[in-house]
Structure formats: C-alpha cells, structure tokens
Amino acid sequence: MTTITIWGCRGSLATPGAEFDKYGGNTSCVQITGNDGTILILDAGTGLSDLGKTVKEPSKKYNLLLTHLHMDHIQGMGFFPPFFNPEAEVNIWGPSSTTMNLRTRLTRYMSPPLFPVTLRDLPCKLTLNEVHHDSFKIGPFKISSDLIGHVGPTVGYRIECADGVITYIPDHEPALGVVNFPLERQWTSGSALAANADILIHDAQYSDKEYNKCQGWGHSAFNDTLKFAAQARVKHLIPFHHDPSHTDDNLDQLISETVGSQKLEFKVTAARERAVFKLPVLNTQDPVKKPNQE
Ligand SMILES: [Zn+2]
Ligand SMILES: [Zn+2]
C-alpha cells in the first residue's frame with residue numbers, strides 16, 4: 001500500500017485562522033510513503049513543519065522533491081528536524097535556473113538575513129540533484145519530471161509504483177494564452193505527466209471570475225483544472241493550492257459551483273490538510289489525528 005498525506009495545500013501564503021480550519025492554512029507539502037517505508041516529500045512549504053513532528057527515525061533517508069523555489073514551497077525547510085541531525089540523509093531534487101544552480105538558489109533563502117542557518121552549515125548528509133526533463137528511481141518509485149507552465153523554472157512530477165500513478169503539479173497555468181482550453185494533449189503543458197494518473201494533485205486556485213483578473217500569474221481556474229484532468233483521463237483529481245483569500249465557506253461554494261452540476265468521469269476531492277489517500281484503494285480519506293487529539 002502507498003499512502004499520500006497532505007500536510008499543506010494552501011497556495012501562495014500560509015493562512016492561519018478559524019475560517020481556514022477545514023482545508024488548512026499551511027502551504028504546499030505532501031508526503032508519499034511507499035510499501036517499503038521509502039518517504040518522498042513533495043515541496044517544503046510550511047506544512048513540512050507538521051510532517052517533521054512525526055519523524056521518529058532521524059537517521060532515516062528523506063527525499064525532498066521541490067517543484068520550484070517560490071517561498072510558499074520552501075519556507076518549511078528550516079523547520080524539518082532531519083536537516084539538523086548528523087545521522088539523517090536528506091536528498092533534494094529541484095530545478096536550477098538559466099543563471100544559477102540549485103544550491104545557489106536554495107542558499108538565497110537558507111542564509112542570513114532570511115534564515116539564520118546557511119545551507120552549507122546543515123549537519124545532515126545533504127545531496128542536491130537538479131531536475132528538468134528527467135527520469136530517476138527512488139526506492140519503489142519511478143519518477144519523471146518535466147518543466148511546466150508557471151512563473152520561473154518549475155517542474156511537475158509523475159510518480160509511478162506498483163500501487164499506481166500519482167501526479168503532482170501544484171502550481172500550473174496550462175490555459176495561459178489558449179483561447180479554447182484545452183488544446184490537443186500534445187500541446188497542453190503537463191499532459192504527459194498527468195496521463196491516466198490514478199491520483200492527480202493539481203493547482204485549482206481561482207474561480208473563473210478571479211482568473212480573468214489573474215491571467216499570467218501562474219495558476220489555474222478550478223474549471224480549467226477539471227478540463228485538464230478530463231483530458232488526461234485521470235481517475236481521481238485532488239484540487240490543490242487553494243487561494244489564500246478563500247475561507248472554508250468560499251472554497252465549499254467554489255467546489256459546489258464548479259463540480260456540482262458537471263458529469264465527470266473521475267472523482268474530485270479537494271485537498272485538505274492532514275487528509276490521507278491510499279493506493280491502490282482510492283476511496284479513503286481519513287484525517288490524521290492532531291497530536292493533541294485522541
Ligand atoms: Zn505556490
Ligand atoms: Zn509558484
């Protein structure tokens with residue numbers, strides 16, 4: 001069994017507060033645990049801090065796959081205990097830019113004045129791997145990365161294992177510049193990564209009305225995400241990267257307005273902090289207990 005745990009699904013900015021309690025306020029972080037215990041961490045948003053509290057084996061190997069280096073995807077890095085443990089092995093994958101390698105880009109955040117500890121001073125065994133259009137293996141997972149349409153160098157990940165296929169594209173604007181979205185598959189950004197995925201975790205930040213004002217900002221209208229998922233023939237869509245201005249009530253309304261009346265050939269479950277999805281069993285969403293809850 002492979003489990004997928006959502007530790008943060010808020011887009012752009014962390015949003016603490018009672019009105020965000022249902023979907024959660026932490027930014028992008030998803031844990032995938034393989035049937036042999038291999039852990040993949042997708043993005044290091046503020047949700048990584050809560051994931052870090054569950055770490056029981058500091059000497060384990062952690063694999064952190066970054067889609068890009070916007071703050072909402074790296075801000076949790078300094079709050080993940082294995083980075084500070086000499087026994088731990090942390091391997092990071094992420095994109096370089098045309099002018100800077102991944103280490104230099106990450107060091108811009110992991111150094112004063114933005115953070116008191118520099119990347120090179122972290123005591124863990126740290127390796128950095130640059131990805132663009134690549135394919136590699138981690139434990140039971142075969143991973144493909146590819147550049148996708150966002151602002152700045154950004155990749156999406158397709159993760160295949162014996163239990164199924166998970167595609168993770170948290171920040172994505174495939175409809176940018178397309179009059180009648182979607183174009184054919186081969187012209188649609190990210191479509192090869194998402195093709196026939198069992199689970200697609202995908203940007204769904206805006207309503208149609210909001211998207212009209214925010215074209216070119218790198219994110220998707222919820223309706224376009226549904227079209228993208230339909231074209232890719234996924235089995236289960238998990239809309240992700242909720243707008244920081246959307247309260248739980250706003251999100252419930254957006255979901256019922258966009259999904260409610262449509263006949264879709266796939267399941268839709270909006271991402272919620274601490275939700276757990278399982279492969280190959282697809283219809284489970286159990287909340288993870290908070291440390292102070294029985
Ligand atoms: Zn983001
Ligand atoms: Zn971004």
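**Group meeting: a walk through the seven-stranded sheet and its surroundings**

Let me start with the open sheet of seven strands, whose order is β7-β8-β9-β10-β11-β12-β13 and whose pairing is mixed. At the edges stand β7 and β13, the latter covering residues 267-268, and because each has a single partner strand, one side of each is left without a neighbour in the sheet. I should say at once that this is a predicted model, and I would ask you to keep that in mind throughout.

Before going further into the sheet, a few words on the protein as a whole. Its secondary structure comes to six helices and 15 strands. The radius of gyration is 18 Å, close to the 19 Å that the globule rule gives for 294 residues, so the protein is as compact as a globular protein of that length. Along the principal axes, the C-alpha trace spans about 55 × 50 × 40 Å, and 46% of the 294 residues count as buried. If we take the contacts with a separation of 6 or more, 66% of them are accounted for by residues 24 or more positions apart.

Now back to the edge of the sheet, at β7. How many of the five residues of this strand, 134-138, are buried? The number is zero, so β7 lies largely in the open. Its pairing with β8, residues 141-147, is antiparallel and runs over five bridges, and among the paired residues isoleucine 138 has phenylalanine 141 of β8 as its bridge partner. The two strands form a hairpin with two residues between them, in which glycine 139 takes a positive phi near 55 degrees. While we are in this region, I would also point to proline 140, which lies 9.4 Å from glycine 37, C-alpha to C-alpha, although the two are 103 residues apart in sequence. Glycine 37 itself belongs to the loop between β2 (29-33) and β3 (39-42), and with 11 other C-beta atoms within 10 Å it is exposed.

Let me turn next to β11, where the picture is of another kind. This strand is mostly covered, five of its five residues being buried. On one side, β10, residues 164-169, pairs with β11 in the parallel sense over four bridges; here isoleucine 166 has isoleucine 199 of β11 as its bridge partner, and threonine 167 stands opposite leucine 200 of β11. With β12, too, the pairing of β11 is parallel and extends over four bridges, and histidine 202 stands opposite proline 239 in β12. Across β11 and β12 (236-240) lies the helix α5, which runs at about 150 degrees to β11.

Just ahead of that strand we come to alanine 197, which sits in the loop between α3 (191-194) and β11 (199-203). Is alanine 197 buried or exposed? It has 26 other C-beta atoms within 10 Å, and since 20 or more is the cut-off, alanine 197 counts as buried. Which residues does alanine 197 touch, leaving aside its neighbours within four places in sequence? The contacts are Val165, Ile166, Thr167, Ala232 and Val234. For a sense of distance, alanine 275 is 78 residues away from alanine 197 in sequence and 19 Å away in space, C-alpha to C-alpha.

That leaves two helices that I would like to look at with some care. In α6, residues 248-259, Leu251, Leu254 and Thr258 are buried, and seen down the axis of α6 its buried residues fall within an arc of 65 degrees, so they line one face of the helix. They pack against α5 (222-232), whereas the face of α6 turned away from the buried side carries the exposed residues Asp249 and Ser256. As a check on the geometry, the twelve residues of α6, at 1.5 Å a residue, should span 16 Å, and the end C-alpha atoms are 16 Å apart, which agrees.

The other helix is α2, residues 102-109, in which Leu102, Arg105 and Leu106 are buried. These three cover an arc of only 95 degrees around the axis, which puts them on the same side of α2. What do the buried residues of α2 pack against? Their partners are β5 (89-94) and β6 (125-130), and with that helix I will stop.

Note on methods
Residues are numbered from 1 along each chain as its sequence is written. Chains are lettered from A and ligands numbered from 1 in the order in which they are written. This is a predicted model: local features need pLDDT of at least 70, side-chain atom pairs count only at pLDDT 80 or more; totals for chains, interfaces and linings use all residues. The expected span of a helix is 1.5 Å times one less than its number of residues. A residue is buried if 20 or more other C-beta atoms lie within 10 Å of its own, exposed if 12 or fewer, and partly exposed in between; C-beta atoms are placed from the backbone. The arc is that of the directions from the helix axis to the C-beta atoms. Two residues are in contact if their C-beta atoms, placed from the backbone, lie within 7 Å. The radius of gyration is taken over C-alpha atoms; the globule rule is 2.2 Å times the number of residues to the power 0.38. Two strands pair if DSSP finds at least two bridges between them. Axes are lines fitted to C-alpha atoms, for helices over the stretch in contact, and angles run from 0 to 180 degrees between N-to-C directions.
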